[in-house]
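Colleague: Before we discuss this model any further, could you take me through one part of it closely? I would like a connected account rather than a list.

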Amino acid sequence: MASEGNKPPPPPEKEQGRNSLRHSLLGPSLLKAGQDKVDQKKVGEIIYNASKGSKFFKHEEKRDEQLTKRIEIILRRKKHLESLDLSPQIRKVDEEIAALEASRDLSQIIVHVDCDAFYASVEELDRPELKVVPMAVGGGVLTTCNYKAREFGVRSGMAGYIAKQLCPQLVFLPLSFPKYTAKAEEVREVLVKYDGRYEAASVDEAFLNITGYLEDHPDMTPDQVVEQIRREVLEHTKISVSAGIAPNARLAKVASNQNKPNGQFRIPNDRESVMSFTCTLPVRKVNGVGRVFERELSAVGVTTWGDVHPQRAILSKLFSEKAWSFLLNCYLGLGRTSIHPVAEYERKSLGTESTFKDLSGAGPLREKLRATAAELEKDLKKTGLAGRTVTVKVKLHTYQVHSRQKALHRAVFSKEDLYLHALPLLQELEGEFQPLKIRLMGLRITGLVSTRKGVGRIGDFFKRDAQVEEGEAEWEVWPEESLDGLLPSGHLSQEVEDEEQLAIEEATKVSLNVPGGGGGTNTIPDQPPPSPPQMAAKEEKWECPICARSLPADDAVFNEHVDFCLSRETIREVVQESAGAEVVVVKEPERKRKEAKARLGKPGSKGGGMDRYFLKLQ
DNA sequence: GCGGATCAC
DNA sequence: TATGGTGATCCGC
């Protein structure tokens, strides 16, 4: 077993790279069911021809090239590792494997239930005539489609206009979420009878632990129980579901895809069955392996989980600790065996974003930011949450995505606060990408605290330090923070690295993001160290933070104008929101303004003036 | 803590 | 004419 690398080498990455973009354009659902009748070559041609030349396509090409480069680096590192004596590493890994084996739990029967083409199926219940025609739900990008549509090569995640080219008679339906959630509830009414602590993984998926149910019904096999669940769901809701039965959640999830649609598959609870299943299982079938990771693995010769073991020493050194641990767990067919209600998970962020026709110009961008802030406020109020970190996200017209975030001293939730704290971040982006022309804007808030007293673990946990005040007079801490937000915070300098040389030695460990992976530690928020006020603007003009008008760089004129704007808009809104609280606008002390001016001329963001005011709620 | 990336649904 | 929205995690600074 000590012989590594006896396998024939994988095809050169260049070969794989050539087809990878086309492969990725074909979408992630290629492996899924319903594709047997499709002439994939022809579909690929259509998609390729319909896509090429578009900005989206050009962006995909860029990303693809970038990945190809990254893979070359990985391969170089691999080559280097192959020249070393790895027998100590093999021993180390084998100990790791033994430890994992010792922890293997085959005592539970876990079921993953997955509704077939859920949204499309729900729509078909409303309009049965749609069953026999190709139909898709969603507009610009398809959310899902029925199996009839899949025969044409139409898939979820596909651009609507491309689907139309593949299948001109395709029927498009808009999304109706209330309908889907209502139907999902009906499905869950059945599931809860088999596991009172079932776990809703998404609107149309759930995990059950039926170990207890089986103990109560010793005459039934797991397969029989699941057949009964599926039958009952179908009778009760008219929705067909597929299911996987396995010793853990990871395998159950894979298994539910095996006999889709309207089928089930069991991986028995013994080690041999598990290992022989994973051995030939393509890596991509497992949750957590996406397009990128699949290509990286393929480049180093891993296409099925069985490929991990012969290369275990090299892989353990090639990948990050987390990624390697993931690989090993998948190879061994291990996964979580505890299933619990989703209510027991804590939300960590809340955000909103939207796509629109290309947008640019200070005024329109601010208008959009206001609207986005209002949208987020709505959701925050609904969930009774506020948060300490604000993130602004934009997608440029080129499809490049960028974000800027800022941790605040206290939690915020009102659209005014959101806007005021997000604006400097937007200004940063405006400075960096001139002129800022975007097709998407998003606002997200993290570091959540509950605004509802007495309920919710988050609120209880943070109560002492960070719970938002309710109706309590408080100085807004906006100005200092705004100043921080405006500056290109030190490490923005993009040093172009000589990747040729840094490549092999430096740890370019391959990364991994698996859902439900390691845990971040929650720390009680405290005051960040004070940072010196700065401004980043080199324009002769100053920009009004409220209406975005360009103003002469003159204190008196500028202040007067902003005063006017503030009294006109912000104050009115703040007053409305805080029900009678009086708002006083206070000029910032002269000293700070001088400090700020001293920093003028730094390249990057422009604008600024926002930071000259305190808002005080009384 | 920040920003970019990846992933799932 | 022209490719989504929400939330999470990981990595390397």
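**A close look at the largest cavity and its surroundings**

Residues 24 or more positions apart account for 72% of the contacts in chain A with a separation of 6 or more. With that as background, which residues line the largest cavity, and how is helix α5 covered by the rest of the structure?

Modeller: This is a predicted model, and the values below are computed from it. Chain A has 618 residues, of which 49% are buried, and its secondary structure comes to 22 helices and 17 strands. The chain exposes about 30,500 Å², with carbon and sulfur atoms supplying 52% of that area.

Rolling a probe the size of a water molecule over the atoms shows where empty space is left. In this structure there are three cavities of 30 Å³ or more, and the largest cavity holds about 60 Å³ of space. Its lining is made up of Val113, Cys115, Ala184, Val187, Arg188, Leu191, Ser202, Val203, Asp204, Glu205 and Ala206. Three elements, namely β1 (110–115), α8 (177–191) and β6 (205–209), each contribute at least two residues to that lining, and α8 gives the most, with four residues. Sorted by class, the lining has seven nonpolar residues, one polar residue and three charged residues.

Two of these lining elements, β1 and α8, are also among the elements that cover the buried residues of helix α5, a group that includes β2 (135–137), β3 (144–145) and β4 (171–173) as well. Because seven of the nine residues of α5 (residues 118–126) are buried, this helix is largely enclosed by the rest of the structure. The buried residues are Phe118, Tyr119, Ala120, Ser121, Val122, Glu123 and Glu124, a set in which the two glutamates sit alongside residues such as Phe118 and Val122.

The loops on either side of α5 deserve attention too. In the loop between β1 and α5 lies Ala117, which has a positive phi of about 40° although it is not a glycine. Most residues other than glycine have a negative phi, and most peptide bonds are trans. Ala117 is itself buried, with a relative accessible area of 8%. In the loop between α5 and β2 we find Pro128, which at 47% relative accessibility counts as partly exposed. Pro128 and Leu380 are 252 residues apart in sequence, and their C-alpha atoms are 38 Å apart in space.

From here the account can turn to the nonpolar cores. In soluble globular proteins, nonpolar side chains tend to be buried together. The largest nonpolar core in this model has 44 residues, and those with the most contacts inside it are Leu297, Trp305, Phe319, Trp324, Phe326, Leu327 and Leu332. At least two residues of this core come from each of α3 (55–82), α4 (87–102), α11 (249–258), α12 (271–279), α13 (291–299), α14 (312–318) and α15 (321–332), with α15 giving the most, at eight residues. A second, separate core of 35 residues includes Leu130, Leu191, Val233 and Ile245, and Leu191 is also one of the residues lining the largest cavity.

Returning to the largest core, Trp324 touches Val93, Glu96, Val308, Arg312, Leu315, Ser316 and Phe319, leaving aside residues up to four places away in sequence. Helix α13, which also supplies residues to that core, has Phe293, Arg295, Glu296, Leu297, Ser298 and Ala299 buried, and just after this helix Gly301 takes a positive phi of about 90°.

A few further points of backbone geometry lie in other loops. The peptide bond from Lys260 to Pro261 is cis, with omega near -5°, and Pro261 is placed in the loop between α11 and β8 (264–266). A cis peptide bond also joins Gln434 to Pro435, with omega near -5°, and here the proline belongs to the loop between α17 (415–432) and β12 (437–450). Finally, Tyr399 has a positive phi of about 80° although it is not a glycine; this tyrosine is found in the loop between β10 (385–396) and β11 (401–412), and it is buried, with a relative accessible area of 17%.

Conventions. Residues numbered from 1 in each chain as written. Chains lettered and ligands numbered in written order. Predicted model: local features only at pLDDT ≥ 70, side-chain atom pairs only at ≥ 80, totals over all residues. Heavy atoms only, no water. 1 Å grid on protein atoms, 1.4 Å probe; cavity = no way out; pocket = protein on both sides within 12 Å on 5 of 7 lines; lining within 4 Å. Points joined across faces, edges and corners; volume = space filled by probe spheres on them. Nonpolar A, V, L, I, M, F, W, Y, C, P; charged D, E, K, R; others polar. Buried < 20%, exposed > 50% of the residue type's maximum accessible area, 1.4 Å probe, protein only. Contact = heavy atoms within 4.5 Å. Areas by Shrake-Rupley, 256 points an atom, 1.4 Å probe, with all protein chains shown as cover. Core = buried A, V, L, I, M, F, W, Y, C linked by side-chain atoms within 4.5 Å.
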